[in-house]
Amino acid sequence: MNLSVVIPNYNGKDLLSKNLPKILDEINNYKTGKTEVIIVDDASKDNSINLINKFPNVTLYTNPKNLGFSKSVNKGVSYATGDIIILLNTDVIPDKNFIVPLLT
């Protein structure tokens, strides 16, 4: 089963720097299908984009102006290709193996 993780971001650089590597570790451990991580940046002013660009396995979409949470989530979901879409916020600290319980 293919998975898409969609994360809306607005000025979440500090949170992403802590949580995104953990999310990517869990995604990389998922071996049952293809995975993708999509982040939609909502015109952040905190240098989030430079941080996100350091992660080559993350697809970044940017809004030219702040469109709000709902529109950013919807944009990310519209680009997602997975059979299952997991929506996460920047402040989510994933538990080890958090994906498996979501699929059962």
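# Briefing on a predicted protein chain

Lys34 is placed in the loop that lies between H1 and S2. The model described here is a predicted one, and its protein chain contains four helices and four strands. Read from the N terminus onward, these elements follow the order β-α-β-α-β-α-β-α. The points below begin with the chain as a whole, then turn to helix H1, to an aromatic pair and to several residues in loops.

**The chain as a whole**

- A compact globule of 104 residues would have a radius of gyration near 13 Å, and the protein chain, with 13 Å, agrees with that expectation.
- Taken along its principal axes, the C-alpha trace of the protein chain spans about 35 × 25 × 20 Å.
- Of the 104 residues in the protein chain, 41% are buried, while the accessible surface of the protein chain amounts to about 6000 Å², with 51% of that surface belonging to carbon and sulfur atoms.
- Among the contacts in the protein chain with a separation of 6 or more, 70% are made by residues that stand 24 or more positions apart.

**Helix H1**

- Helix H1 covers residues 13-29, and its 17 residues should span 24 Å at 1.5 Å a residue; the C-alpha atoms at its ends are 24 Å apart, which agrees with the expected value.
- At Asn19, H1 bends by about 35°, and the proline Pro21 follows within four residues.
- The buried residues in H1 are Leu16, Asn19, Leu20, Ile23, Leu24, Glu26 and Ile27.
- In an α-helix there are 3.6 residues a turn, so residues three or four places apart point the same way.
- The cover over the buried residues of H1 includes strand S1 (3-9), strand S2 (35-41), helix H2 (48-52), S3 and helix H4 (99-103).
- Asn19, which lies in helix H1, has a relative accessible area of 4% and is therefore buried, the cut-off for that class being under 20%.
- Once its neighbours within four places in sequence are left aside, Asn19 is in contact with Thr90, Asp91, Val92, Ile93 and Pro94.

**The aromatic pair**

- How many aromatic pairs does the structure hold? It holds one aromatic pair.
- The ring centres of Tyr61 and Tyr79 are 3.9 Å apart and the ring planes lie at 5°, so this pair is stacked, since planes under 30 degrees apart count as such.
- Because Tyr61 belongs to strand S3 (residues 58-62) and Tyr79 to helix H3 (residues 69-79), the pair ties together parts that are 18 residues apart in sequence.
- Tyr61 counts as partly exposed, with a relative accessibility of 24%, and Tyr79 likewise counts as partly exposed, with a relative accessibility of 38%.

**Lys34 and Phe55 in their loops**

- Is Lys34 buried or exposed? At 65% relative accessibility, Lys34 counts as exposed, because the cut-off for exposed residues is over 50%.
- Leaving aside its neighbours within four places in sequence, Lys34 is in contact with Met1, Asn2 and Leu3.
- Lys34 and Asp83 are 49 residues apart along the chain, and their C-alpha atoms are separated by 9.6 Å.
- Phe55 is placed in the loop between H2 and S3, and, with its neighbours within four places in sequence left aside, Phe55 is in contact with Leu20, Pro21 and Leu24.
- Two of these contacts of Phe55, Leu20 and Leu24, are also listed among the buried residues of H1, while Pro21 is the proline that follows the bend at Asn19 within four residues.
- The C-alpha atoms of Phe55 and Val92 are separated by 18 Å, and the two residues are 37 residues apart along the chain.

**Residues with positive phi**

- Ala43, a residue other than glycine, has a positive phi near 65°, and Ala43 lies in the loop between S2 and H2.
- With a relative accessible area of 17%, Ala43 is buried.
- Asn97 is not a glycine either, yet its phi is positive at about 60°; Asn97 lies in the loop between strand S4 (84-87) and H4.
- At 47% relative accessibility, Asn97 counts as partly exposed.

Notes:
Residues are numbered from 1 along each chain as its sequence is written. This is a predicted model: local features need pLDDT of at least 70, side-chain atom pairs count only at pLDDT 80 or more; totals for chains, interfaces and linings use all residues. Side-chain values use heavy atoms; hydrogens and water are left out. Rings of Phe, Tyr and Trp (its six-membered ring) pair if their centres lie within 6.5 Å; planes under 30 degrees apart count as stacked, over 60 as edge-to-face and the rest as tilted. Helices (H or I, at least four residues) and strands (E, at least two) are DSSP runs, numbered from the N terminus. Buried means under 20% relative accessible area, exposed over 50%, partly exposed in between (1.4 Å probe, protein chains only). The expected span of a helix is 1.5 Å times one less than its number of residues. The bend at a residue is the angle between axes fitted to the seven residues ending there and the seven starting there. Contact means heavy atoms within 4.5 Å. The radius of gyration is taken over C-alpha atoms; the globule rule is 2.2 Å times the number of residues to the power 0.38. Accessible areas come from the Shrake-Rupley method with a 1.4 Å probe; for residues, only the protein chains shown count as cover.
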